[in-house]
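Me: I would like to understand how the labels given to this protein chain follow from the values behind them. Could you take me through the reasoning step by step?

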Amino acid sequence: MSNLVRSELLKIRTTSTWWWLAIGALLSIAMAFPLNAWLFNTTVDGGGEELGVVGDAASAPAQAANLYTSGQYLGLLFVMLIGILMVTNEFFHQTATTTFLATPRRSAVIVSKLIAASLLGFAFWLVTTVIDLGAGAAFLALNDHGTLLGEWEVQRALLLNLMAYAIWTVLGVGIGTLITNQLGAVITASVLYLIGTQVIGVLFLLLSSWLDSMAVLKWQVIWPAAASQIMITPGESEMYPPWWVGALVLVGYALASGIVGLLLTRRRDIS
C-alpha cells in the first residue's frame, strides 16, 4: 500500500497543475486576510452588531480563530480539485487501464488515492496555516491583543481546519470516480461549490423569512461547504448549529464519498 501511495503522490507532483492550485490557495489568503483583519478590529471595537456578529462570535478569540483560518473557503476548493485530478487524470491521459492491470485490486488503488489525497490536503493546510499564523500573530500583537494562540477556540479552529482540508481532498476523489470526464468533473464541482453554496444560502434565508424562524438557517449545515465554515466557527449562534454538527456532516460526506468511489471503481468497465 505504501508503494501505491508514493506512486500517487509522484503522479501529482509530476504535473504543473498542483502548482497553480497552490498559488491559488496562497492568493486566497492574500484576499481573505485583510478582510478578516478589518472584521476583527471592527468587531472587537464594538461594531460587530452592525455586521451581524454578536454573542460568542464577537469575542476576540472567536475573531482570532477566523483570522488564523483565512483563505479556507477557496483553499478547500483547490484541494477538492486536486482530489478530482488524481482520479480523472487516469482517464484523461488513458493510463487507467495500465494502472488497474498493474494493480488488479482496484479497491487498493482507490484507497491509495484517498490516502494520498489526505496527505496533500494536510500539506496545503500546513503551508496556509503557517502563513496565517505568522501574519495573524503579527497583526494581533501590533494591535495589543497578544497572539491569542493559547485560547482553545483558536486551537480547535486550527485542528478542525486540518480535518476540513483532508476531507475535501477525499470528496474530490469521490467526485472524480463519479464523473470521470476531467473537464466535466472540474466544472461541475467548481460551480456547485462556488455558486451552489451561495444559492443554498439565499434559499435558506428566504425560507427562514417565509417561516419567520431563524432556526431554519441552521439547516444550511447539510451543504458541505457550509458545514466546513460552521465547523471552524467558535461560539454559539441562533443562525448556525454547534461546530460538532458541521464536523459530523463533513465526516459523513467523506465516508459516503469513499464508499461510493470504491464501489463504482470496482464495478466500472476499464478498457
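The exchange below goes through the labels one at a time.

Reply: Please keep in mind that this is a predicted model. The chain has 271 residues, of which 47% are buried, and there are ten helices and zero strands.

Me: What makes F40 and F139 an aromatic pair, and why is the pair called edge-to-face?

Reply: Rings count as a pair if their centres lie within 6.5 Å, and planes over 60 degrees apart count as edge-to-face. The ring centres of F40 and F139 are 6.1 Å apart and the planes stand at 85°, so the pair meets both conditions and is edge-to-face. By this rule there are five aromatic pairs, and ring pairs also link F33, F40 and F139 into a cluster.

Me: How do you know that the pair of F40 and F139 ties together parts that are apart in sequence?

Reply: F40 belongs to helix α2 (residues 17–47), whereas F139 belongs to helix α6 (residues 106–142), so the pair joins parts that are 99 residues apart in sequence. Both F40 and F139 are buried.

Me: Why is the pair of Y73 and Y193 called tilted?

Reply: The centres of Y73 and Y193 are 5.1 Å apart, with 35° between the planes. Stacked requires planes under 30 degrees apart and edge-to-face requires over 60, so an angle of 35° falls to the remaining class, tilted. This pair, too, links distant parts of the chain, with Y73 in helix α4 (residues 72–92) and Y193 in helix α8, 120 residues apart.

Me: Which of Y73 and Y193 is buried, and which is partly exposed?

Reply: Buried means under 20% relative accessible area, so Y193, at 3%, is buried. Y73 has 29%, which lies between that limit and the 50% above which a residue is exposed, so Y73 is partly exposed.

Me: Why is I187 called partly exposed, and what patch does I187 belong to?

Reply: The relative accessibility of I187 is 45%, which is neither under 20% nor over 50%, so I187 counts as partly exposed. I187 sits in helix α8 (residues 182–211) and is one of the residues of a nonpolar surface patch, which also includes L183, V191, L194 and I195. Together the residues of this patch have about 810 Å² of accessible area, while the chain exposes about 13,500 Å², with 69% of that supplied by carbon and sulfur atoms.

Methods. Residues numbered from 1 in each chain as written. Predicted model: local features only at pLDDT ≥ 70, side-chain atom pairs only at ≥ 80, totals over all residues. Heavy atoms only, no water. Patch = residues over 30% accessible without salt bridge, like charges linked within 9 Å, V, L, I, M, F, W, Y side chains within 5 Å. Areas by Shrake-Rupley, 256 points an atom, 1.4 Å probe, with all protein chains shown as cover. Salt bridge = Lys/Arg side-chain N within 4 Å of Asp/Glu carboxyl O. Helix = DSSP H or I, 4+ residues; strand = E, 2+ residues; numbered from the N terminus. Buried < 20%, exposed > 50% of the residue type's maximum accessible area, 1.4 Å probe, protein only. Phe/Tyr/Trp six-rings, centres within 6.5 Å; stacked < 30°, edge-to-face > 60°.
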